[in-house]
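Visitor: Could you take me through one part of this structure up close? I'd like to see how a pair of helices sits together, and maybe a residue along the way.

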Amino acid sequence: MQRPGSSRAPGPPAFVSIILPVHNAEEWLDECLKSVLQQDFEGSMELSVFDDASKDKSMSIIGRWKEKLEGAGIPVVIGGHDSPSPRGVGYSKNQAVAQSSGSYLCFLDSDDVMMPQRVRLQHQAAQGHPTSIIGCQVRRDPPDSTARYTRWINQLAPDQLLTQVFTSHGPTVVMPTWFCARAWFYHVGLFDEGGQGVPEDLLFFYEHLRKGGGVMRVDQSLLLYRYHPRAATHSVLQTTIWTHRVRFLEEQALPQWATFTIWNAGKQGRRLYRSLTAASRHKVVAFCDVDENKMKKGFYCHEDAQERPKPRVPILHFRAARPPFVICVKLDLTGGEFEDNLRSLSLCEGRDFLHFS
């Protein structure tokens, strides 16, 4: 049941709407909402909150902060429902956007904390890039919770924000840092509302790229990005993400190549091969690796293939392989060193390989 009073109060539209979905967030809301109050953005700003059937004290905390925020000139629009079960992050974000009025949307998770300059700096970047998603660097809490992933978020080079969109890490700018024009958001479409277990941010990001959207990052740490067991991201199965990634790879990258080599003859490389459609598997001319043990057999046989005879794909030393490559090797940082090694061997140009690690 939708709660009454979710319509927005009359008044001029804001420049920026902070989009805040909430579900049982009482533990973090005070810090989160304080960070909204502390923004140094000088334009008009509003907070749009949508509560997804919280059963804790989230709504009373929001009500208390509404008075503080509006006293500081930040209108607060509150919507929500009190159904027995939540309808999911995608639905909540869509509803928060729908009830807001800003020309720009600044997405915020209820367990995160913005630095005071976040809205100002991302708004500056977005003004010159109306079809881009603008992200930022983050500081993780606890600091050592996802060290490798945090380095990846913060250290991708500008070109890698587009070239590493196929990796297991997901969007190259993480969802709680997103800032974009309202018009572009609606051009891309709404978040998937499938609920728990749906990677709504990844699906939106892929659709954004399909429609020619850009990706930018403000290279300052503008968000305290929390990691904890109750985070919604933990409800998404890795197998679900894998399936979406493979389909996006086949849709966006593989049609450009007549043939390609999978770099990694081990578990991940073989898994990718088996996950491809038959048409894409036929394009795989070889696996390549640096591990002599993986090369001893000389080929990989896909035992579950329907074709007869069953396909046998050669396994080569990487120096004998030829581009283009789909690289299924885990990277310590952002892949720059790995790419430099490829170029130093004169094997390929940057456009001839992509990372699927």
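Guide: Sure! A quick definition to start: helices and strands here are DSSP runs, numbered from the N terminus, with at least four residues for a helix and at least two for a strand. Keep in mind that this is a predicted model.

With that in hand, look at F15, which lies in the segment before β1 (16–22). F15 counts as partly exposed because its relative accessibility is 46%, and partly exposed is the range between under 20% and over 50%. Leaving out residues up to four places away in sequence, F15 touches F41, G43, S44, G102, S103 and Y104. Its C-alpha atom is also 8.2 Å from that of E46, which sits 31 residues away along the chain.

Now for the helices. Two packed helices are described by the angle between their axes and the distance between the axes. Take α1 (residues 29–37) and α2 (residues 58–71): their axes come within 10 Å and cross at roughly 20 degrees. Angles under 35 degrees count as roughly parallel, so α1 and α2 are roughly parallel to each other. The way α1 passes α2 is a right-handed crossing.

Who does the touching? On the α1 side you'll find L29, D30, L33, K34, V36 and L37, and they meet S58, I61, I62, R64, W65, K68 and L69 of α2. Sort the residues of this contact of α1 with α2 by type and you get eight nonpolar, one polar and four charged.

How values were computed. Residues are numbered from 1 along each chain as its sequence is written. This is a predicted model: local features need pLDDT of at least 70, side-chain atom pairs count only at pLDDT 80 or more; totals for chains, interfaces and linings use all residues. Side-chain values use heavy atoms; hydrogens and water are left out. Buried means under 20% relative accessible area, exposed over 50%, partly exposed in between (1.4 Å probe, protein chains only). Contact means heavy atoms within 4.5 Å. Axes are lines fitted to C-alpha atoms, for helices over the stretch in contact, and angles run from 0 to 180 degrees between N-to-C directions. Angles under 35 degrees count as roughly parallel, over 145 as roughly antiparallel, 65 to 115 as roughly perpendicular and the rest as oblique. A crossing is left-handed if the near helix is turned anticlockwise from the far one by less than a right angle, and right-handed if clockwise. Ala, Val, Leu, Ile, Met, Phe, Trp, Tyr, Cys and Pro count as nonpolar, Asp, Glu, Lys and Arg as charged, and the others, Gly among them, as polar.
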